[in-house]
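Please open the structure in your viewer with a cartoon representation, and keep a way of selecting residues by number at hand. The stops below follow one another, each with something to select and something to look for.

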Amino acid sequence: MTRGGRDKSRDEPERKCIASGETGSKTGLVRFVVGPDGQIVPDILERLPGRGIWVSADRDLVTKAAKKGLFARAARAPVKAPEDLADTVHDLLTRRVIELISLARKSGDAVTGYEKVKEWLVKGTARVLIQAEDGSERGKSKLRPPEGKNTLISWLSAGELGLAFGRERAIHAALAAGGLSPRIVEEAARLSGFRAPSGEPDAEHVGGISAGKDM
């Protein structure tokens, strides 16, 4: 099982993390490239041109790579890695997860609201349960994720989850099987490596969009 939340495929290419030295599926890593100005740039969508430099989806390892000059060593060039690189990756991944959940909602594969989520869980429609980390523990305990692996995402804030559904806050959400659900699980798993140990978000906004606060 990879960190990204799915079983490793034999056909899936492996990449080596420049910070830990471990080799594994690229699902659990973040790709970086050297920009035209010699600056290290996160390539969350893995589409930017250039040779990829890979680091495990872990805040400490990205920070280590930036501080110890590991990007320059991997690129074999005097590249620049900003000190807040891990924060940038965190914000990009957060925005990506929110966007994917929003797309799933528009296609009818995601719902929010306690009653709707409960109905999906009872009927077996839900493949993944999403619960805001700052929501009421009592309220969240009334809903149980589906059986199986990687069926719960619990490290988004209520404000962030609300953005995906076009509202100020959301505590409960569910994803149907298929569609974008596997991608959301993978991206959310990568995001978890950049969250503070307590589960608190590292920033109150994502890409300049207010994510709200617990009231």
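How close do the axes of helix 1 and helix 3 come, and at what angle do they cross? In this predicted model, the two axes come within 8 Å and cross at roughly 140°. Helix 1 and helix 3 are therefore oblique to each other, and their crossing is right-handed. To see the contact itself, show the side chains of Arg59, Val62, Thr63 and Ala66 in helix 1, which meet Leu85, Ala86, Asp87 and His90 in helix 3.

**The whole chain**

Before going further, zoom out to the protein chain, which has 7 helices and 11 strands. Of its 215 residues, 47% count as buried. If you draw a contact map and keep the contacts with a separation of 6 or more, residues 24 or more positions apart account for 63% of them.

**Helix 3 and helix 7**

Stay with helix 3, residues 85–106, and add helix 7, residues 181–192, to the selection; the axes of these two helices come within 9 Å and cross at roughly 160°. That makes helix 3 roughly antiparallel to helix 7, because angles over 145 degrees count as such. Helix 3 passes helix 7 in a left-handed crossing. On the side of helix 3, the contact is made by His90, Leu93, Thr94, Arg96, Val97, Leu100, Ile101 and Ala104, while helix 7 brings Arg183, Ile184, Glu187, Ala188, Arg190 and Leu191. His90 is worth a label, since this residue of helix 3 takes part in the contact with helix 7 and also in the one with helix 1.

**The open sheet**

Next, select strands 3, 4 and 5, which form an open sheet in the order 4-3-5 with antiparallel pairing. Strand 4 (40–42) and strand 5 (53–56) stand at the edges, each with a single partner strand, so one side of each is left without a neighbour in the sheet. Looking along the sheet, you can follow its twist: neighbouring strands are turned by 35° against each other on average, direction ignored. Strand 3 and strand 5 pair over 4 bridges, and within this pairing Phe32 stands opposite Ile53 in strand 5.

Now bring the helices back into view. Helix 1 (residues 59–67) packs on the sheet, touching strand 3 and strand 5, and its direction makes about 135° with that of strand 5. Helix 3 lies across strand 3 and strand 4, running at about 25° to strand 4.

**An aromatic pair**

Keep Phe32 selected and add Phe71. The count of aromatic pairs comes to 1, and Phe32 and Phe71 form it in an edge-to-face arrangement, with 5.1 Å centre to centre and 65° between the planes. The pair links distant parts of the chain, for Phe32 belongs to strand 3 (residues 29–34) and Phe71 to helix 2 (residues 70–75), 39 residues apart. Are these two residues buried or exposed? Phe32 is buried, and so is Phe71.

**Two loop residues with positive phi**

Move to the loop between strand 4 and strand 5, where Glu46 is placed. Glu46 has a positive phi of about 60° although it is not a glycine, and with a relative accessible area of 29% this residue is partly exposed. Then go to the loop between helix 2 and helix 3, where Arg76 is found. Arg76 likewise is not a glycine and has a positive phi, here of about 55°, and its relative accessible area of 79% makes it exposed.

**Strand 7 and its partners**

For the last stop, select strand 7, residues 126–131. Of its 6 residues 5 are buried, so strand 7 is largely enclosed by the rest of the structure. Which strands pair with it? Strand 9 (residues 172–176) pairs with strand 7 in the antiparallel sense over 5 bridges, and in strand 9 the bridge partner of Gln131 is His172. Strand 8 (residues 152–153) runs parallel to strand 7 and is joined to it by 2 bridges; the bridge partner of Ile130 in strand 8 is Ile153.

Note on methods. Residues numbered from 1 in each chain as written. Predicted model: local features only at pLDDT ≥ 70, side-chain atom pairs only at ≥ 80, totals over all residues. Heavy atoms only, no water. Buried < 20%, exposed > 50% of the residue type's maximum accessible area, 1.4 Å probe, protein only. Pairing = 2+ DSSP bridges. Phe/Tyr/Trp six-rings, centres within 6.5 Å; stacked < 30°, edge-to-face > 60°. Axes fitted to C-alpha atoms, helices over the stretch in contact; angles between N-to-C directions. Contact = heavy atoms within 4.5 Å. Parallel < 35°, antiparallel > 145°, perpendicular 65-115°, else oblique. Left-handed = near helix turned anticlockwise from the far one by under 90°.
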